[in-house]
Structures are given as structure tokens and as C-alpha cells.
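Please open the structure in your viewer and keep the selection tool at hand. This tour proceeds one selection at a time, and each stop describes what is to be found there.

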Amino acid sequence: MVKATLNRAFQTVYTMWLREMLRFWRSKSRIIGSIATPIFFLIFLGAGFSSSFQTESGSPFDVSYLAPGLIGMAVLFSSMMGGVSIIWDREFGFLKEILIAPVSRFYVALGKAVGGVTTAMIQGLLILIIAWLIGIKYISIIGVIAAIGVMFVSGIGFIGLGIAVASKIDSHEGFQMVMSFLTMPLVLLSGAFFPISKLPAWMNVLVYSNPLTYGVEALRYFLLGKSVIPISLSIAVIIVFAFAMIGLGGKTFENTKVT
Amino acid sequence: MLHAIETMEITKKFESITAVNNVSISVKPGELFGLLGPNGAGKTTLISMLSTMIEPTEGRATVWGFDVEREAPRVRESIGIVFQDTTLDDRLTGRESLDLHGRLYGLDTKTRKMRIQDVLSLVELSDRADALVKTYSGGMMRRLEIARGLMHHPRVLFLDEPTLGLDPQTRLHIWEYIKTLNKAEGVTIVLTTHYMEEADHLCDRIAIIDHGEIVALDTPEALKDMLGGDVIILELEKPEDKSRLCEIYKKNGTAKIVSEKNGEIFITVKNGEHQIPHILYLASNAGVSILAVSLRKPTLDDVFLHHTGRAIRDRAATEVEQVGYKIRARRK
């Protein structure tokens, strides 16, 4: 009985994951677009920063500083997109097909999250590789593997948040609001583009209450070997955030309505 | 089991509007049951309650013996549903749509493969199965949705306006599929429609619904018979003869209901085509000359008119708006 229930739960999660993968595979332009943006940031922003700014010690700005931040940004964008895509499923009707199925909605949400986080990790990984190809050095292979783990955990957190938000929004107009008022501030207040050690106090509060900050810091620690926030704290925060958000997302999705 | 579906004084209120009011119906296993009514009559709301998408405000309902509120998961396993608006993911192929559906309903790999072939050939989509849904026409999408609704061998299949917005030829095709699967697969079907021809052509029994209430329920034939039979219309050469002729028919006992309007005589009789010779004979005996005779079989629209004082057609304009919405929804 327990085994059958577990089996069914796994089937549900796998089915939803499979759908996300099929869709992802078919939207190659989306994949290219989502990698292109961070790469342009890395190349152009990196070139601009290193020609104008220097670090406190007087050495020129190191472009590799941007890499973890841009990976974090890509993971955030595609995780949020993955969660918020429920709005599209609602708009185009497919949500009804899922909600009428005799399966637990919590596992449906979980499957959607696992699918979304897979696409987020693929994109993060591609940026990681491209950055390496253009000359950014990572400290160790173990560090890279740990960074992939960080992508997964923080991706789950943001996708849970995306699902929770999308379950409450019933129009695609709301999507732009989410992107402008949630995603952009999260990126800009995360230390993806600048060091967080010497910020004004009001901004410090915002930066330190932003879960993405801890994700980016953990990536920076594992890829470059330096971080401002202790790695144990970063990891603790992203894990707690992931569990809290997937719980919230799952619960909110269970109560979502279609008309 | 006695009933495939049974509702007991089921009611749904949306704030101040009562969409479904005290509806008690029962559908037999294997039956093809129709809910006929104009747009906004409450058909979709009733189906939504039966398919556990929304909860009734009052009353109870069971589907295949399971209570729609307390045993919702069991109800969901027992039903298939084709919604009014498309619920397909257009970035998947037809085969993938069916496969994912089969997985969600817990079918194993072998069963899924076989079943996909069966349902695809039933709706004649086998050759387009591996094309993306977004390349399908409206009729093909509807057929794929019917196939998907059947994937998991549901006991009861709900079809909400299955031919809305489709061209007449596709409509005839869909009718064929619906008849076939009702007979061949033995699945109980409940369909909603505001096309009286559709209800008349397909359904074993029809519930006519208006303003959330059932106004009549019977077989299409019985519903039409209730009106007293066919109507024979006589056009006279000399309108002044009409009252004399009416008297003759009434006295003679040929027909119970005789009326006149705009110089024409309307005679309601059973078996109209057999009565015409006799009626003409009586007229010529009386020396009344008749210009034209026509026979009209009653339609479900007449039945609807009889019960509600309005024609279903009066409300048909809104259908154009709905189709417009569907087209917009497809453009992503």
C-alpha cells in the first residue's frame, strides 16, 4: 500500500518532469537567449568594469568575480520562469488537464519544480563552461561539483516561490509585475555585480535578507575560493529557503482554482 | 450499480447568481445523456461539479457510486472529460500528450503503448500522432482531446460542447466518434450542447436546462411527442374559407389542435404524412381549394420554446464571441 502510494508519487513527479524536459528541448531559442544574456554581461560588463574600476589593493577588477553572480542570475531567472509558467498553463488550459487528474497536486508541483530546476541547472552549467572557455579559472573540480549542488538547492527555492506566486495570479499580465518587482530587485540586491562588504547600512539589510545573496556567495566560495559570508551560513540559508518555498509552493498550488 | 450519475437537489451559487438550482437527475450506465440549453443555462457548472472541479453549494451528487465531494479522487479516476476550451499543451506532439496523460492516470508502459494506438485510430489521428499539437486544426485538437479523455478507460466521459466552433463536416465526424465509443467501448457519456440537432441526433435521453433548472427530461422522441405530433400547414386560395374548414376538422376529430394564423391553418396531428391525404380529401369535399400543404416535424427547439417561451436560437449570438475567444487563446 505504502509502496503503491510512493510509486504513484514518483510517477507523478516524473511525468511533470518529463513534460518540462520535452518543452525545454523544443524551445532552443529560449535556451540560447537565456545563456546569451549572462554571457554578454560577463564579456561586456567585465571589459567595462576592468577598464574603469580597480579593487582596494589597486589591482584591476577581476572579471572572474562576475561569473558566480551571473550563474546565480541565470538560475534565478529560469527557476522563477519555471514556477511562473503555471500562469501560462492556466491561460492556455493545460492546467485543467493536470488538476483533473487523480494525482496529488503537491507532487504535481514538486514535479514541476524538479523539471524547472533541471532546466535552470543546465543553463547555469552552460554558463559555467562558457566562462571557463573564455579564461575564468575555477579552484577545483570538487568546487565545481559543489557549485552544481548549490544551483540545485537555490533553484528549488526560487521555483517554489515562483509556483506560490503563480498559483495566486490568474492572468499573464501579472507575470510582468512578478518579473519587475521580484526578480530584478533580487538580482540587483544580491551582490552578483558588486562586493557586499562595504554597502550602506540600509542596503545591507536588504542584501542580507535576500536568499540569492547566499546562493551567489556559496557559488563564489566553491568556484573562486573566496566569500564574505561564511560558507556554512550560506548553505544553511539556501537549504532552509528551499524547503520553506517548496512547502509554500506545494501548499498554495493545492488550493489553486481554475474556472 | 443503479446509476452512473445521480444528483440530489444539487445547487451551485456564485455570490448572488444561482447557476444550478436544485437539479436532480440520474444517468444510467452506458447511456448517452445530453444536457441541452442556451449558453449560460448552467450546463458547464453542472459538469464542473460532477467532475469535482468545483464544489456544490447544496445537495449531493455521485458519479459511478462515488460522492463528488467526499470521494473526489475516486471520481476522478472514473471519469474522462473534454472541456469546452482546449486544454492541450501545443508544444507537445499528439502521442506525447496521450502518453503523459496515461502516466498521470497510472497506466504502465505496455498498456499506454497499446491504448495510444487504439484511441488514435478511433479518432483517425494515427498519421499525425508525431506532429506538434500547434500544427493541428481545431477539429484535430478536439479529436485528440476526446482520445485523451478515453486513454484511461473512464467509466463516464464528459463532453462539454464537443463541437463548438467546428465546421459542419468536422461536426458530423465528431458525432460519429461519439456514437462509436458509446456503443463500442460502452462508456457512459454526458454531453452538453446548445445545438438541438446534436442532442437530437446523439442522445438517448435529454435534459433541457434553462436558468439552472431542468425544465424537461426524456428521450428526444418523447419530448417531441409531448407537443402532440407533427404540424400540417395549409395555405388556402380564399382566406375566408378558413374558419369553415377549421370547424370541419375539429368536428371530424381528425386533429385536436387546429389554429389559424396569417391566412394559414395549422393542424397538429400524429403521423402527419399519413394524415395529409385525408385532410385534403375533407377539404375538397367541402369545396375549399388549397394552394399549398407543408408538413413540419417538431424539433427540440419547439420543445424548448414550449417549456420556456423562448427559442434556443435567440441566445446563439454569444457563440460567435466564444469562438473569438478561443482563437485569441490559441495565439501565443
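How many helices and how many strands are there in chain B? Select chain B and display it as a cartoon: the chain contains 12 helices and 15 strands. Please bear in mind throughout that this is a predicted model.

**Chain B as a whole**

Keep chain B selected and turn it slowly. Its C-alpha atoms fill a box of roughly 80 × 45 × 35 Å along the principal axes. The chain has 332 residues, and 53% of them count as buried. Among contacts with a separation of 6 or more, 69% join residues that stand 24 or more positions apart. Now show the surface of chain B. The accessible surface amounts to about 15200 Å², and carbon and sulfur atoms contribute 50% of it. If the charged residues are coloured, 44 positive and 49 negative charges appear in chain B, and the mean positions of the two groups are 3 Å apart.

**A residue in strand 1**

Next, select Glu9(B), which is located in strand 1 of chain B, residues 5–14. Is Glu9(B) buried or exposed? Its relative accessibility is 52%, and a residue counts as exposed when this value is over 50%, so Glu9(B) is exposed. Add Gly59(B) to the selection: the two residues are 50 apart in sequence, yet their C-alpha atoms are 5.0 Å apart in space. Beyond its neighbours within four places in sequence, Glu9(B) is in contact with several residues, among them Asn22(B), Ser24(B) and Glu58(B).

**Two salt bridges within chain B**

Select Arg60(B) and Asp67(B) and show their side chains, which meet in a salt bridge with an N to O distance of 3.3 Å. Asp67(B) is buried, at 5% relative accessibility, whereas Arg60(B) is partly exposed, at 39%.

Then move to helix 2 of chain B, residues 72–78, where both Arg74(B) and Glu77(B) lie. These residues are 3 apart, about one turn of the helix. They form a salt bridge whose closest N and O atoms are 3.8 Å apart. Arg74(B) is partly exposed, with a relative accessible area of 42%, and Glu77(B) is also partly exposed, with 39%.

**Where chain B meets chain A**

Display both chains and select the residues in contact: 27 belong to chain B and 23 to chain A. Between them the two chains bury about 2600 Å², with 60% of this area on carbon and sulfur atoms. How many salt bridges are counted between chain B and chain A? The count is 4. For one that crosses between the chains, select Arg19(A) and Asp89(B), whose side chains meet in a salt bridge at 2.7 Å, N to O.

**A network around Arg19(A)**

Keep Arg19(A) selected and add Asp89(A). The side chains of these two residues also meet in a salt bridge, at 2.9 Å from N to O. Asp89(A) lies in helix 4 (residues 86–91) of chain A and Arg19(A) in helix 1 (residues 2–26), so the pair ties together parts that are 70 residues apart in sequence. Arg19(A) is buried, with a relative accessible area of 2%, and Asp89(A) is buried at 6%.

Finally, add Glu20(A), Arg23(A), Lys112(A) and Asp89(B) to the selection. Together with Arg19(A) and Asp89(A), these residues are linked in a network of salt bridges. Over all chains, the structure holds 25 salt bridges.

Note on methods. Residues are numbered from 1 along each chain as its sequence is written. Chains are lettered from A and ligands numbered from 1 in the order in which they are written. Side-chain values use heavy atoms; hydrogens and water are left out. Helices (H or I, at least four residues) and strands (E, at least two) are DSSP runs, numbered from the N terminus. Buried means under 20% relative accessible area, exposed over 50%, partly exposed in between (1.4 Å probe, protein chains only). Contact means heavy atoms within 4.5 Å. Accessible areas come from the Shrake-Rupley method with a 1.4 Å probe; for residues, only the protein chains shown count as cover. Lys and Arg count as positive and Asp and Glu as negative; His and the chain ends are not counted. The place of a charge is taken as NZ of Lys, CZ of Arg, CG of Asp or CD of Glu. Buried area is the accessible area (1.4 Å probe) that two parts lose on being put together, summed over both.
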